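Visitor: I should like to understand how the terms used for a protein model follow from its values. May we go through them together?
Guide: Certainly; let us begin once the model is before us.

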Amino acid sequence: EIPEVSRYVLKKETKYSMTTILNSVTALIEEGLITEAESTQKSVGRTPVYLDVNPDGKYFIGVEFNAEGIKVVIMNFAFEITYSEHYKMPKEVTSEGILELIKNAIEIALNYVDQKDRIEGIGIGIPGYVDKERGIALEYSYFSEWKNVRIKEILEEAFGFEVFIDNNINALAYNYRAQHKEKSNFVIVSMQYGVRLGIVLDGEIFIGNNGNAGEIGHTKVIGGNRGCSCGNQGCLDSEISYVAIEKKVHEMISHGQLTAISDRMMEQKNKFRMAMLGETIRQGSKDAEALLNNITGFLGSKLSTVISVIDIEDIIILNVCDLDNERFAEQVYNVIKVNTIGTTFETVSVACEVVDSFSAAKGAAIMIQEEKYGYIKEI
């Protein structure tokens, strides 16, 4: 339960003078950002007045896209989602086509905001490499034409709102941190279309010198020799991304393995789904278990280096539920245990969690709030 906040509480917590608090609160009320209401708590004498955020005070447009699709949300000043929509990404699309799809998605979303002067900006989580400071999408291996796109400039000119960009996994980290304020040193791991980390150190999103910290998907792995979408061989992406896992499944089926999955695919027009592998693992298939060991081995080995360097508390692997969350986390932890010294692996936890499909778009909206108002650890 969120405690009621009065002017006196603000003075006590911020250490500002009461004059400063009174003037600031008055200005925020006049601007429509906060509201007043009588306290619901019983007290002797005059009923105290408490302050609350006006949900309709500001709106933030969050967008995230990847090779699968585009997600758009509208978030109000109380972190509530008032609109969300998902659009499928065409398989063959130019950079101009992607921009048009994004513009159309934003245009539709704007129709759901009556007071457009209350929109604070547009935040975008972008796949691949980005230049956050200059607002440029540098490249994304799944879209060959997507290079050096001045997306911030293009969208600001199109809509007239300030645009903020970051990698889409960093956007996920913004949302995850907002949901788990008790965690201050952790990494989230995304391994769907590519493998990337969102890194939070001392409560801050860490993006590195060039804005690309956590991009481990195109680093080499021992024992890896497969061709990668980036044009190199032996990258982590080519071994454990969902695209890579599907390729491995098809190869194993061609060698007479994973017959249970082959039978399931025959029933569904030769369409593979990750849940098929998870189900086969839970049924005790040795072939499926070998593939799981292969995946967790590559990931655990790479994460061993990561945690040895930055000494984090938690590793959260996202959306691998179809592969059996508990077993996946346990196997990754065991690989880390073998590859690090005791004081490192003994203090780190590994867990697999599910996030909703709009999580990165929500994080992109939260990113605007933080850029404008700073990170709020407690509300």
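Visitor: What makes C230 partly exposed?
Guide: In this predicted model, C230 has a relative accessible area of 34%. Buried means under 20% and exposed over 50%, so C230, at 34%, is partly exposed.

Visitor: How do you know that C352 is buried?
Guide: The relative accessible area of C352 is 13%. The cut-off for buried is under 20%, and C352 is therefore buried.

Visitor: Why is there no bond between the sulfur of C230 and the closest cysteine sulfur?
Guide: The closest cysteine sulfur to that of C230 belongs to C228, and the two are 3.7 Å apart. A disulfide requires sulfur atoms within 2.5 Å, so the distance from C230 to C228 is too far for a bond. The structure as a whole holds zero disulfides.

Visitor: Why is N111 called exposed?
Guide: N111 has a relative accessibility of 57%. Exposed means over 50%, so N111 counts as exposed. N111 lies in the loop between α3 and β6. Its C-alpha atom is separated by 53 Å from that of K286, and the two residues are 175 residues apart along the chain.

Visitor: Is I119 buried or exposed, and how do you know?
Guide: I119, a residue of strand β6, has a relative accessibility of 6%. As buried means under 20%, I119 counts as buried. From I119 to M75 the C-alpha distance is 9.8 Å, with their positions 44 residues apart in sequence.

Visitor: What makes strand β10 largely enclosed by the rest of the structure?
Guide: Strand β10 covers residues 163-167, and five of its five residues are buried, so the strand is largely enclosed. Its partner β6 is joined to β10 by five bridges, and the two run parallel. Within this pairing, G125 has D166 of β10 as its bridge partner.

Visitor: How do you know that the length of helix α3 agrees with what is expected?
Guide: Helix α3 runs over residues 95-110, which makes 16 residues. At 1.5 Å a residue it should span 22 Å, and its end C-alpha atoms are 23 Å apart, which agrees.

Visitor: Which residues of α3 are buried, and where on the helix do they fall?
Guide: The buried residues of α3 are S95, I98, L99, I102, A105, I106, A109 and L110. Seen down the axis, they fall within an arc of 140 degrees, so they line one face of the helix. An α-helix has 3.6 residues a turn, so residues three or four places apart point the same way.

Visitor: What makes β7 and β9 edge strands?
Guide: They belong to an open sheet of three strands, in the order β7-β8-β9, with antiparallel pairing. β7 (129-131) and β9 (143-149) each have a single partner strand, so one side of each is left without a neighbour in the sheet. The twist averages 20 degrees from one strand to the next.

Visitor: Why is β8 said to pair with β7 and with β9?
Guide: Two strands pair if there are at least two bridges between them. Three bridges join β7 to β8 (residues 136-140), and three bridges join β8 to β9, so both pairings meet the cut-off. In the first pairing, D131 has I136 as its bridge partner; in the second, A137 stands opposite V149. A hairpin of two residues joins β8 to β9.

Visitor: What makes β13 and β15 the edges of the sheet of five strands?
Guide: This open sheet has the order β13-β12-β11-β14-β15, with mixed pairing. β13 (204-206) and β15 (349-353) each have a single partner strand, so one side of each lacks a neighbour in the sheet. Inside the sheet, four bridges join β11 (residues 186-191) to β14 (residues 314-318), and these strands run parallel. One bridge partner pair there is V187 and I315.

Visitor: Which residues touch the most other members of the largest nonpolar core?
Guide: Of its 44 residues, these are M191, I245, L277, L299, I315, I317 and F328. Helix α10 (residues 286-310) gives the most to this core, with nine residues. Another core, of 35 residues, lies apart from it and includes F65, A67, I126 and A137.

Definitions and conventions: Residues are numbered from 1 along each chain as its sequence is written. This is a predicted model: local features need pLDDT of at least 70, side-chain atom pairs count only at pLDDT 80 or more; totals for chains, interfaces and linings use all residues. Side-chain values use heavy atoms; hydrogens and water are left out. Axes are lines fitted to C-alpha atoms, for helices over the stretch in contact, and angles run from 0 to 180 degrees between N-to-C directions. Buried means under 20% relative accessible area, exposed over 50%, partly exposed in between (1.4 Å probe, protein chains only). A nonpolar core is a set of buried Ala, Val, Leu, Ile, Met, Phe, Trp, Tyr and Cys residues joined through side-chain atoms within 4.5 Å. The expected span of a helix is 1.5 Å times one less than its number of residues. The arc is that of the directions from the helix axis to the C-beta atoms.
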